[in-house]
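Thank you all for coming. I would like to walk through one model this morning, starting with a working definition and then moving through the helices, the loops and a few single residues.

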Amino acid sequence: MDKIKIAVIGGGPGGYAAAFLAADLGMDITLIDKEKNPGGVCLYRGCIPSKALLHVAKLINETKEASGWGIDFGEPKINLDRLRAWKNEVVSKMTGGLGILSKQRKINYIQGTASFVNSSTLRIDMVSGENKVLKFDKIILATGSVISSIPSLNIDSRRLLNSTSALELPEIPKSLLVIGGGYIGLELGSVYNALGTKVSVVEMTPGLLPGADRDLVIYLAKRIESAFEKVMLNAKVVGMKESGNSISVKIQAQDGTTSEVNYDYVLMSIGRRPETKGLGLENTKVKVNQRGWVEVNKQLQTNDPDIYAIGDIAGEPMLAHKASHEGRTAIEHIAGHKVAFEPLAIPAVVFTDPEIAWAGLTEIQAKENNIKYVSAKFPWAASGRATTLGRSDGVTKLLINPETERILGVGICGPGAGELIAEGVLAIEMGANASDLKLTIHPHPTLSETVMESAEVFFGQSTHIYRPKK
Amino acid sequence: MTNEFKLPELGENITSADVISVLVKPGDNIEKDQTVIEIETDKATIEVPSTVEGVIKDVLVKAGEKINVGAVLLTVESSATQVDQTKTFTSNAEISKASIEDKNETGSDSSKGSKPPRGLKQSIPGDSTSVSTSELSIIDFKLPELGENIESADVLNVLVKIGDNITRDQGVIEIETDKATIEVPSTIEGKVVEINIKPGDKAKVGAIILKVESRTNVPGETIPSKPTVENKEINSTEMEEKPEQFKAVGGSSAGEKKPEPGEIDDQPPILKNSAPAAPSVRRIARELGVDIRKVTGSGPAGRISMDDVKAYVKKINEEREILPAGGFGFIHEPLPDFTRFGGVERKPMSKIRTITAEHLSYAWNSVPHVTQFDKADITEVEMFRKSYGLKVEKAGGKLTVTSILLKVISFGLNKFPQFNSSIDMEKKEIIYKNYFNIGVAVDTDHGLIVPVIKNVDKKNLTEISVELNTLAEKARTRKISIDEMQGGCFTITNLGGIGGTYFSPIVNAPEVAILGVSRGAFEPIYMEGIFKPRNMLPLSLSYDHRIIDGADAARFLRWVCESLQEPFKLFID
């Protein structure tokens with residue numbers, strides 16, 4: 001029998017994970033992406049380069065903290081060209097590695113773009129200028145998302161940055177205004193802040209990181225408020241124009257008063273939207289909903305059963321790890337397995353300092369849905385490891401069903417929260433209860449103990465805090 | 001009177017704290033020692049208990065703020081002079097507006113926070129428009145509970161359109177559940193401003209079907225009409241551009257199908273009835289075609305292990321084996337290609353037809369059927385029926401053989417309790433019922449429907465006849481509720497109106513017997529030495545042979561016949 005022929009459009013973490021698994025399962029796989037190597041936004045212009053820079057930011061901040069412990073490094077000398085080059089090395093190392101993995105798996109990698117001629121036929125326009133029309137058994141859409149912007153504020157200026165251009169580190173500005181207090185804005189704002197820029201944030205809602213539980217955000221908000229120049233909540237940008245070597249920004253506060261401030265640079269980071277333009281979906285039965293997402297079932301099949309959609313174009317949350325899992329699920333379904341994408345928890349991590357991470361139920365969701373829960377919190381001030389790091393500004397909390405004691409949600413704020421959350425995700429997926437976490441020996445002295453101790457808090461038996469059960 | 005609650009002393013050298021969360025809101029009734037806020041000092045997280053009691057008027061702190069010891073946290077109205085704020089104001093929106101105004105105006109001078117609500121309202125300039133519209137509120141009409149275990153329904157028809165004025169109890173949509181087609185009556189009156197469903201949709205219980213602009217205030221369901229629009233206008237650019245970001249960090253709302261506008265479906269996956277089982281166990285269950293939610297977990301808090309899934313599959317297989325031949329393990333023979341023999345037309349089965357087919361297959365396969373036939377002399381009954389028919393008709397019913405049989409059977413179920421039972425094979429138990437509800441099969445244009453007359457033993461013939469008439473009419477016009485079709489102990493099916501002598505009805509499991517009634521006819525009956533013309537009614541009793549023995553069935557049916565011949569027998573024993 002002929003091998004099943006699959007095309008994956010888009011080589012991001014969803015697309016390449018799908019393509020690699022398909023190849024491992026013996027399918028004939030074509031992967032189409034604009035870039036030279038697989039990687040997508042995540043590796044080229046997102047997760048990876050931003051984490052490289054955030055690592056640098058953390059290092060700079062830690063050298064400053066050390067002065068309080070008798071170690072003085074002095075002011076850092078920053079060679080921006082070298083820093084940029086190092087970040088680019090990280091990116092090319094990762095994407096180059098994916099290119100090799102793709103070749104080793106004998107994947108037909110085409111650098112170009114694809115559009116549907118009909119439900120099973122793609123026209124592929126290659127970067128080389130050639131084009132070809134190919135027929136496939138199954139096609140997976142993994143075209144991801146693009147940066148959103150506010151059209152009325154789109155001025156033509158190199159001083160107006162988006163997440164992509166901000167990662168290029170054009171210079172270290174004296175001042176930077178970040179529009180949008182979500183994770184992208186706060187992460188990139190933190191990088192520039194550490195490099196020496198006076199960073200301000202304007203956020204439309206009453207708090208930073210809308211959607212995250214306030215008792216997690218509070219630690220980050222406190223640190224950002226003292227490190228950044230200004231945090232403007234309930235405020236929005238109503239006008240922008242370039243004036244000389246800066247951008248003059250009109251900001252409207254909650255009470256309706258507007259003020260005009262000049263910033264060297266402005267970073268617009270208000271989110272991302274799914275990208276389905278130019279795919280020729282009108283030649284298929286694929287349905288796109290009002291908000292631009294491709295409608296899929298739990299097997300990631302679109303309305304056109306031979307076409308699948310995964311990752312950012314298939315709905316929220318727009319996160320790389322969700323895309324990869326969806327990609328693998330779609331391929332397993334094509335391979336004939338009875339599978340479904342139905343995770344109990346998709347972790348979210350904000351890589352600021354401190355980091356914020358959560359999985360499963362949030363308190364906001366619990367309240368909206370009238371879910372009975374108990375929040376068991378362990379403040380890091382009581383953690384030995386946190387104290388040795390000089391970082392007691394954190395908390396670990398478990399949301400627990402009071403009747404079954406099942407872990408419904410986990411939220412963590414503090415350095416390394418992004419690593420710690422994985423235990424929470426596993427607990428939720430395994431249907432673990434508070435006793436399971438309490439009775440699992442965690443290594444001392446580590447931050448991971450806070451997960452165990454918050455389970456102890458639920459029973460009113462935490463070793464390191466005294467809070468008897470009511 | 002109004003009391004202030006201030007941040008108490010927290011300990012040596014502690015002068016301030018960060019508010020982590022505020023656990024109360026204006027309008028809450030608080031007691032002494034109830035925790036009102038959670039704060040964090042340099043040393044610990046502390047829950048601050050109230051020292052005052054009453055209804056909270058104002059909350060002067062919010063999460064994230066730094067507050068000093070002695071700062072006013074709440075103003076509390078003691079219960080004696082409690083003012084119902086929601087009534088003082090014409091709409092909720094004004095309250096929030098007013099309190100914002102108030103905060104801006106008063107700044108740190110928190111004592112002003114205890115101004116009476118009226119005063120606050122006056123501080124809003126130029127608010128006349130919102131006053132004029134505020135009496136109208138938009139009320140969500142949600143799909144009400146439809147009955148036990150029914151979570152959703154298919155929408156067949158939407159009976160109203162935008163702009164319609166609807167009244168209470170007016171049918172607004174027609175839906176089809178697993179059990180019946182139902183017209184859903186509105187509980188709200190007013191003008192329809194939004195319709196969130198269309199025919200063909202699947203509507204969940206609790207989903208918002210309509211938005212109705214109403215003058216009636218329903219507490220807790222009102223949303224202010226005008227301010228919503230205002231907010232939308234203010235934020236329109238951002239709203240269009242920003243939605244992703246908010247949700248993107250919202251983590252776990254993922255993995256679910258995107259809800260259509262109006263469909264409230266943003267529950268995180270962990271709440272979607274998710275079984276406590278590891279991903280590997282869930283995957284195996286899926287591969288085996290097992291609904292993981294049906295598996296009983298043996299672990300702590302019902303956690304489901306791989307062994308539990310295996311045990312479940314084993315149990316199902318064993319049950320299958322003890323079923324009679326042709327049971328559920330039965331493989332369907334493929335259909336021939338009918339078009340080889342002539343033209344055909346394929347039509348989807350209606351929900352009622354599908355359910356009827358599945359239910360009767362189940363009953364046929366699980367119940368070992370025997371049918372007992374007999375004839376009842378109803379000559380006297382017919383005379384009785386004619387002389388009292390008019391009286392019952394005046395009450396709104398029709399005195400029929402079926403209604404008389406309903407009464408007779410209720411006595412019979414009492415006398416022969418095994419006919420009023422169900423079998424629990426799993427537990428090897430027989431369930432005897434202490435109530436006497438009897439279903440009557442009704443032939444309607446859209447399929448077979450069985451309304452149930454409840455507590456037949458407690459009703460007289462007129463009441464039974466009227467109720468039967470009402471329910472049958474409801475069944476025919478698709479207005480019958482699920483409740484009215486549940487809880488039957490026994491079923492009567494009367495084909496006498498059409499003709500025929502005998503037939504063998506299928507027991508409506510988990511009931512254990514069904515009485516089929518055919519058309520009565522005059523026959524020469526040899527009595528008292530001569531042939532007399534007697535009106536003889538053929539009866540067919542199908543029963544579940546697992547619980548009812550042949551002799552019992554013969555006795556039961558004979559007793560029914562004799563009771564019809566000599567109704568006074570009913571009162572003898």
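Let me begin with what I mean by burial: a residue is called buried if 20 or more other C-beta atoms lie within 10 Å of its own, exposed if 12 or fewer do, and partly exposed in between, with the C-beta atoms placed from the backbone. By that rule B:Glu77 is buried, because 21 other C-beta atoms lie within 10 Å. B:Glu77 belongs to strand 8 of chain B, residues 72-77, and its C-alpha atom is separated by 9.6 Å from that of B:Gly27, although the two are 50 residues apart along the chain.

Please keep in mind that this is a predicted model, in which local features need pLDDT of at least 70 and side-chain atom pairs count only at pLDDT 80 or more, while totals for chains, interfaces and linings use all residues. Residues are numbered from 1 along each chain as its sequence is written, and chains are lettered from A and ligands numbered from 1 in the order in which they are written.

Now the two chains overall. When I say helix or strand I mean DSSP runs, numbered from the N terminus, with at least four residues of H or I for a helix and at least two of E for a strand. Chain A has 13 helices and 22 strands, and chain B has 14 helices and 28 strands. Of the 470 residues of chain A, 53% are buried, whereas in chain B the buried share is 31% of 573 residues. Contacts here are pairs of residues whose C-beta atoms, placed from the backbone, lie within 7 Å. Among the contacts in chain A between residues at least 6 apart in sequence, 64% join residues at least 24 apart.

Let me turn to helix 8 of chain A, residues 320-334. The expected span of a helix is 1.5 Å times one less than its number of residues, so the 15 residues of helix 8 of chain A should span 21 Å, and the end C-alpha atoms are indeed 21 Å apart. Of those 15 residues 14 are buried, so helix 8 of chain A is largely enclosed by the rest of the structure. After this helix comes A:Gly336, with a positive phi near 100°.

How do the helices of chain A pack? Two packed helices are described by the angle between their axes and the distance between the axes. The axes are lines fitted to C-alpha atoms, for helices over the stretch in contact, and angles run from 0 to 180 degrees between N-to-C directions. Helix 1 of chain A, residues 13-24, packs on helix 8 of chain A at about 30°, with the axes 7 Å apart. Angles under 35 degrees count as roughly parallel, over 145 as roughly antiparallel, 65 to 115 as roughly perpendicular and the rest as oblique, and helix 1 and helix 8 of chain A are therefore roughly parallel to each other.

Helix 3 of chain A, residues 47-66, packs against helix 6 of chain A, residues 183-195, at an angle of about 45° with the axes 9 Å apart. That angle makes helix 3 of chain A oblique to helix 6 of chain A. Residues in this contact include A:Leu53 and A:Ala57 of helix 3 of chain A, and A:Leu188 and A:Val191 of helix 6 of chain A. Helix 3 of chain A also packs with helix 4 of chain A, residues 80-104, at about 140° and again with axes 9 Å apart, and these two helices are therefore oblique to each other as well.

Finally, some backbone details in the loops of chain A. The peptide bond from A:Asp353 to A:Pro354 is cis, with omega near 0°, and A:Pro354 lies in the loop between strand 18 and strand 19 of chain A. A second cis bond runs from A:His444 to A:Pro445, with omega near -5°. A:Leu169 has a positive phi near 50° although it is a residue other than glycine, and it is partly exposed, with 18 other C-beta atoms within 10 Å. A:Glu405 likewise has a positive phi, near 65°, but A:Glu405 is buried, with 20 other C-beta atoms within 10 Å.

Conventions: Contact = placed C-beta atoms within 7 Å.
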